[in-house]
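Walk through this model step by step, from a loop residue to the central sheet and then to a helix. Keep the sequence and the coordinates in view.

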Amino acid sequence: MKQYVKYHQVREYQTLTECFGEIGQLYSTDTAFTFYERDGKERTISYPDFVNDVYALAHSFCERKMNGKHIAIAGQNSYEWVLVFCAAGLVGCTVIPIDIENSEKEMVRMARHADALYVATDQVFSQAFSVLKIPCIIMNQKTTAAGWSIQYLLEEGRKKKNSKELGLPAADPEDVLAIVYTSGTTNTSKPVVLTQYNIMFNACHTQSLIKAKKKLFDPLPLYHTYSLVCGVLNSITQGNTICLNGNLKTFFRDLKAFQPEVLICVPMILENLLKELHRIQEREGVRAKARKAVERYKRTIIWKWCRRIFEDSKIDQIVGNDLKMITCGGAQMNEKIAEEFQVYGIQVFQGYGITECSPLISSNQNEDNVLESVGRPIPQTRIRFDDGEILVKGPSVFKEYYKNMLLTEECFDHGWYRTGDIGYMDRKGHLYICGRKKNLIVFNSGKKVVPEELEGYIQKIPFVKEVMVYGAVVGEAGDDVMLSAMVCVDEEYMDARDNYQVLDLLQDEINKLNMTLPDYKRILSVKLSETEFKKTAIKKIKRKEAE
């Protein structure tokens, strides 16, 4: 029997227009954004100033007849990036967030395919987009010869009437707000069409399951919906303060300076955070005590209340004294890492999302946090299963794939979106993800193996950093395969040993694991990878490139 889900009350908006019509007054004394300049100097923007900047830019867009057009955004995380997105949304534009980790050729292809008539970009990418012969707004430069810098447009807009007197056209919830290209683990990105209502419903209800604190640190790229919707737009709708960081070089500096109460991240950031903490613990001579505290934690149920059971962890040297929760998504989380943070009094919440669902589908809760689960569905979101595949229906589910009705029809089953993920739900309503349907390894005997399950077992080997399990073809038929594992070992462990020693130790651990598994799930081949696997923007392994 599924238990009743208690949702927290949140402010709801169907469009960006509704949201900006209220937040300037609702949060008139609050800080919207905090940034740290290259020299470490802090810069803050209040909600009223933020709202006025968005309306000023929106007015300049209207003056240039940009309203209702498609505009691409390509740049590092910045206040200007957020301004362009919000202002464009207010004037009925469709925004195309571009993944700048792609090649310049691919970035241009995406903008062209999505019919962008304008592009807002950092100076470094402007030359690449010049081939499109469309107006280019420079986000990180004060002036340009053509007068298309953000600073110029803001100053121009501020001279006009401000805020609600602009007479902007009313947005409809079904208006398309964004075309977002998926950052999938294959080389083919799909253009997902998301409406104002898709995105705003998801942004507002990100805090329906998790009651978050006020100060949020977001180091994830804004061109990904997890960062944009669950981080920035969610915080704006609820009046939180956001610190944006997109530079790995200043990540630890800005994190400690801001002293957040909430950190939004992907598993790789969580791992790097813990690795830095271990380095500090070794330096301060408390690493052995920390290990004992973690072992003590595993033998108790104290984690349910998330009490700090190791006071002298030195975590404050990295994140300050206020961090109380970490929300983790984008890829499968390592439970061991989450457990250790909870030993230090920081709750880690795992969620589940996909671009086509704007993106959040489910999340754990403050009062009901099951680390190995991805929690319960957000409001008005229904989940069912078809032969193990997760199907979703609800207000956040996307409209279509841009210019590809055939693909759109293929992924819907009577209004239910086929996620391609394999999972199950327990009797209490907690959702669990087992793997991707497309990653299933099918043998000629008819047996099927979910590689992510085996990867989870191998990941528990202390010196394993990354692992990918795949079916290596050993015969002429495509289903004549042998289970194989490609493993990347932690650098510190490799330093004291050569490859042959490491491979022997790894094989011993795999042999022990195989003894606990049925014959068809046993790993028969193990290889070492000298480098980390190539990953997507949210750090999922690109399997086809790694095999």
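Is lysine 133 buried or exposed? Lysine 133 is exposed, with a relative accessible area of 74%. Here buried means under 20% relative accessible area, exposed means over 50%, and partly exposed lies in between, with a 1.4 Å probe and protein chains only.

A word on the ground rules. The model is predicted, so local features need pLDDT of at least 70 and side-chain atom pairs count only at pLDDT 80 or more, while totals for chains, interfaces and linings use all residues. Residues are numbered from 1 along each chain as its sequence is written, and side-chain values use heavy atoms, with hydrogens and water left out.

Back to lysine 133. The residue sits in the loop between α6 (123-129) and β6 (136-138). Its phi is positive, about 55°, although it is not a glycine. Aspartate 387 also has a positive phi, near 55°, and is a residue other than glycine. Aspartate 387 lies in the loop between β16 (382-386) and β17 (389-393). It is exposed, with a relative accessible area of 73%.

Now the whole chain. It has 19 helices and 26 strands. Helices (H or I, at least four residues) and strands (E, at least two) are DSSP runs, numbered from the N terminus. Of the 547 residues, 56% count as buried. Contact means heavy atoms within 4.5 Å. Among contacts between residues at least 6 apart in sequence, 66% join residues at least 24 apart.

Next, the sheet. Nine strands form an open sheet in the order β2-β1-β10-β9-β11-β12-β13-β14-β15, with mixed pairing. β2 (42-46) and β15 (376-377) stand at the edges with a single partner strand each, so one side of each is left without a neighbour in the sheet. Two strands pair if DSSP finds at least two bridges between them.

Take strand β10 (residues 241-244). Which way do its side chains point? Thr241 and Cys243 point one way, Ile242 and Leu244 the other way, and all are buried. Two bridges join β10 to strand β1 (residues 31-36), and these strands run parallel. Phenylalanine 33 has isoleucine 242 of β10 as its bridge partner. Strand β9 (residues 215-218) also pairs with β10, in the parallel sense, over four bridges. There, phenylalanine 217 stands opposite cysteine 243. β9, helix α9 (residues 225-238) and β10 make a right-handed β-α-β unit. Right-handed means that, with the strands pointing away from the viewer, the path from the first strand over the helix to the second runs clockwise.

Move along the sheet to β13 (347-353) and β14 (360-363). These two pair in the antiparallel sense over three bridges. Glycine 353 has leucine 360 as its bridge partner in β14. The loop between the two strands holds proline 359. A cis peptide bond joins serine 358 to proline 359, with omega about 0°.

Phenylalanine 33 leads on to the aromatic rings. Rings of Phe, Tyr and Trp (its six-membered ring) pair if their centres lie within 6.5 Å; planes under 30 degrees apart count as stacked, over 60 as edge-to-face and the rest as tilted. By this rule the count comes to 18 aromatic pairs. One of them joins phenylalanine 33 and phenylalanine 35, a stacked pair at 5.8 Å centre to centre with 10° between the planes. Both residues are buried. Ring pairs link Phe20, Phe33, Phe35, Phe50 and Tyr79 into a cluster.

Finish at helix α12 (residues 287-298). The expected span of a helix is 1.5 Å times one less than its number of residues. For the 12 residues of α12 that gives 16 Å, and the end C-alpha atoms are 17 Å apart, which agrees. Which residues of α12 are buried? They are Arg287, Ala290, Ala293, Val294 and Tyr297. These residues cover an arc of only 115° around the axis, which puts them on the same side of α12. The arc is that of the directions from the helix axis to the C-beta atoms. An α-helix has 3.6 residues a turn, so residues three or four places apart point the same way. On the other side of α12, Lys289 and Lys292 are exposed.

What do the buried residues of α12 pack against? Their neighbours are α11 (267-284) and α14 (335-343). Histidine 278 is found in α11. Not counting residues up to four places away in sequence, histidine 278 touches Arg287 and Glu340. The C-alpha atoms of histidine 278 and alanine 290 are separated by 9.0 Å, with their positions 12 residues apart along the chain.
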